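Work through these exercises with the structure open beside you. Try each task before reading its solution.

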Amino acid sequence: MTLKAALTANPPGHHVHAGPSTGAACHHDHGAHHGAHVHPAAAGTPSPAITGGDSVEYTCPMHPQVRQAGPGTCPICGMALEPVLASAGTGDNPELRDMSRRFWLALVLTAPVFALEMGAHLFGLHHFIEPRVSNWVQLALATPVVWWAGWPFFVRALASVRNLSLNMFSLVALGTGVAWSYSLVGTLLPQAFPAAFHLADGSVAVYFEAAAVITVLVLLGQVLELRAREKTSGAIRALLELVPKTAIRLKADGTDETVPMDSLQVGDLLRVRPGEKVPVDGQVTEGRGTVDESLVTGEPMPVAKAVASQVTAGTLNQTGSFVMRAEKVGADTLLSRIVDMVASAQRSRAPIQRMADQVAGWFVPAVIAVAALTFVAWLAWGPSPSASHALIAAVAVLIIACPCALGLATPMSIMVGVGRGAQSGVLIRDAEALERMEKVDTLVFDKTGTLTEGRPQVVDVVTMGGFDAADVLRKLASVERASEHPLAAAIVQEAQGRGLGLLPVADFDSPVGKGVVGVVGGTQVVCGSAAYLAESGIAVDVLQAQAESQRARAATVIFVAIDGHLAGYVAIAEPVKGSTVPALAQLRLAGIRLVMLTGDGRTTAEAVGRELGIDEVIAEVLPQDKAAVVKRLQAEGRVVAMAGDGVNDAPGLAAADVGVAMGGGTDVAMESAGVTLLHGDLMGIVRARALSRATMRNIRQNLFLSFAYNVAGIPIAAGLLYPFFGVLLSPQLAAAAMALSSVSVIANALRLRKSRLGD
């Protein structure tokens, strides 16, 4: 499947860059929704190119049909718009800077408000500071917190009402606005309240503390959310850094010139020297080289390139020098398309609607309806003055519904859970990954570096005809020491590990893609493929059966001849990580569908699959096709996690419901993934699932606790007990209930620190 076909066949869904906040990912306004417009066909359109600068089009992750020039917020849901185009920009994030400034100022002003109010309830501070004085101080401190620091939330709340899409910000704005307004009237006009609401000095209990604390908590969630969202661009930057900034172009007179990348055109002849990266996609026209293509295939073995060979932008030329003709430049290169796929996947994953948001859809209108009914009921049947009692009862309903504990429910569990995961080597980048992990039922993983060590090692040395294994290995390593091939490094490492001293080499040669030859201690050593030895008149038929057996176990075989006689062979393979087998066993036991997805050849991939008992093996997969396979599994209704460690895994990691990067992998993989395993083994996935289950269970408990206080308090605030006992909800009791609900949520979240994750 081509890249375009993969994308158009799987149009983007919806994705929230979720941080540990209580509601939808809505950020600072920057002009809110003015100027936004809707493109009906935009939802399935892939990002067209890599770009930079400020004058780019922005879209909403929740509603991809919304487009506008420049940043802002969605006119439908109010969340921050994201660039349609992948950007190389690394500038300061004005949203994050603004929200951070609002948060820190709000925190400084809220601390004394919290101390005054909670001190009065818990430590009898009202004996030292009169409640009337305390109310005025709280008014002065809480007003800028609610109406300046929290202003973006009121903007989004109005947008949610206008677009009939109520969310947690609707409840936050309603609760903080009503709590502040009620408290303002209570401070300025305490005589307007019934006598039952008066304190000893004639003042009225206020809720400035609740309004300010909620604002600070939601701002904290926004800051954490924005930081997590900013990190998603790290994958794009890491990918773009793989492309050299300049290229060497051949002029018409045959001389070289160094030119910037954006000046390259199709048909240009470019020179690539040893140690340089291939600048664009094209074909070799002159010379030869050995290119590391793990970027594309994931295969650690470099590939020999000669005239007519295809080369890919971003791959590394290890040895040799060649001239290539540019065939695809700019946004048309494979690497650019990988960048585009990562950006598109990051923007298009379907969001998990948090339980708090789901409940808010009916909780907000229900609270408003109860408050309205309460007002009507007290106005019709309440004692004199009925209007005053009706207003206070209705306001009491709105205040008791204020989500103070709700503001703590999710971020407390997330923060404790993330810390617990870090102790076990599981780094969680955002709350979304933690939420989705418990629902994963399919695990797709790369082979190289994920199941295996990712580094070729000597697994067997076989000799014949009276040749000594140690002597053969010493001479072979002595010759291979002059080679830059990764297999040569594995042979040298094995010889040194056995304590074999290496010898000087004369007459060394290394025909690209064939093998090496040299003279060691007066004897000629020839090593490489069977075809290369046959060119030297050395038959390897006697060892072919054993060699084929090694290949069936995913090993590469290097034949060795000394002074024209076949001496044996060395088998080199990637050892399977010691933790892979037990980890796969536990995942199978948990009912997880296991799929190995690799760019390696089918023979090698199936050999590893047989060794590990994996039936579902998909080999020879290009980077863009990895994302397509993930999307195909998702289309079957699967919740997919993908584990990988390379640049070629980045599109799949970004497209998966949960991307899992191995700690020893590339920066691109780690930036594209929501979970990073520090220890680099699949047991980390077992621990991550256990952490996800424990954290999400804790969040549900917290949400229940926080809503339970609200739901139980609403009918009491409405006056349910008044006809039977003549009791109205005391403001002090309401404040104490809020404090108790918050303490309960915090205490419950802290239990996560003792969770067992199987380690």
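**Exercise 1.** Where is Asp-563 found, and is it buried or exposed, or in between?

Solution. The model is predicted. Start with the location: Asp-563 sits in the loop between E20 and E21. Next, take its accessibility. The relative value is 42%. Buried needs under 20% and exposed needs over 50%, so Asp-563 counts as partly exposed. Last, look at the backbone. Phi of Asp-563 is near 50°, a positive value in a residue other than glycine.

**Exercise 2.** Treat Asp-507 in the same steps: which strand holds Asp-507, and what is its phi near?

Solution. Asp-507 lies in strand E17. Its phi is near 55°. That is a positive value, and the residue is not glycine. Now apply the cut-off to Asp-507: exposed means over 50%. At 64% relative accessibility, Asp-507 is therefore exposed.

**Exercise 3.** In what order do the 6 strands of the open sheet stand, and which strands are at the edges?

Solution. Recall the principle: strands of a sheet pair through backbone hydrogen bonds, either parallel or antiparallel. Here the order is E16-E21-E20-E19-E18-E17, and the pairing is antiparallel. Read off the two ends. Strand E16 (457-463) and strand E17 (505-509) each have a single partner strand, so one side of each has no neighbour in the sheet. From one strand to the next, the twist averages 20°.

Now zoom in on one pair. Strand E19 (residues 523-528) pairs with strand E20 (residues 556-562) over 4 bridges, in the antiparallel sense. One bridge partner can be named: Cys-527 is matched by Val-560 in E20.

**Exercise 4.** Which strands does helix H18 touch, and which does helix H15 lie across?

Solution. Take H18 (residues 541-552) at the start. This helix packs on the sheet and touches E16, E20 and E21. The direction of H18 makes about 5° with that of E21. Then take H15 (residues 469-480). This helix lies across E16, E17, E18, E19, E20 and E21. H15 runs at about 110° to E18.

**Exercise 5.** At what angle do helices H19 and H24 pack, and which residues make the contact?

Solution. Two packed helices are described by the angle between their axes and the distance between the axes. For H19 (residues 580-589) and H24 (residues 683-717), the angle is about 35° and the axes are 8 Å apart. H19 contributes Pro-582, Ala-583, Gln-586 and Leu-587. H24 contributes Met-683, Ile-685, Val-686 and Arg-689. Sort these by class: 6 are nonpolar, 1 is polar and 1 is charged.

**Exercise 6.** How many salt bridges does the structure hold, and what do the pairs Asp-256 with Arg-271 and Arg-436 with Asp-657 tie together?

Solution. The count is 16. Begin with Asp-256 and Arg-271, whose side chains meet at 3.0 Å, N to O. Asp-256 lies in strand E8 and Arg-271 in strand E9, so the pair ties together parts 15 residues apart in sequence. Asp-256 is partly exposed at 38%. Arg-271 is also partly exposed, at 23%.

Move on to Arg-436 and Asp-657, with their closest N and O atoms 2.8 Å apart. Arg-436 lies in helix H13, while Asp-657 is in the loop between helix H22 and strand E25, so this pair ties together parts 221 residues apart in sequence. Both residues, Arg-436 and Asp-657, are buried.

Technical notes:
Residues numbered from 1 in each chain as written. Predicted model: local features only at pLDDT ≥ 70, side-chain atom pairs only at ≥ 80, totals over all residues. Heavy atoms only, no water. Axes fitted to C-alpha atoms, helices over the stretch in contact; angles between N-to-C directions. Helix = DSSP H or I, 4+ residues; strand = E, 2+ residues; numbered from the N terminus. Contact = heavy atoms within 4.5 Å. Nonpolar A, V, L, I, M, F, W, Y, C, P; charged D, E, K, R; others polar. Pairing = 2+ DSSP bridges. Salt bridge = Lys/Arg side-chain N within 4 Å of Asp/Glu carboxyl O. Buried < 20%, exposed > 50% of the residue type's maximum accessible area, 1.4 Å probe, protein only.
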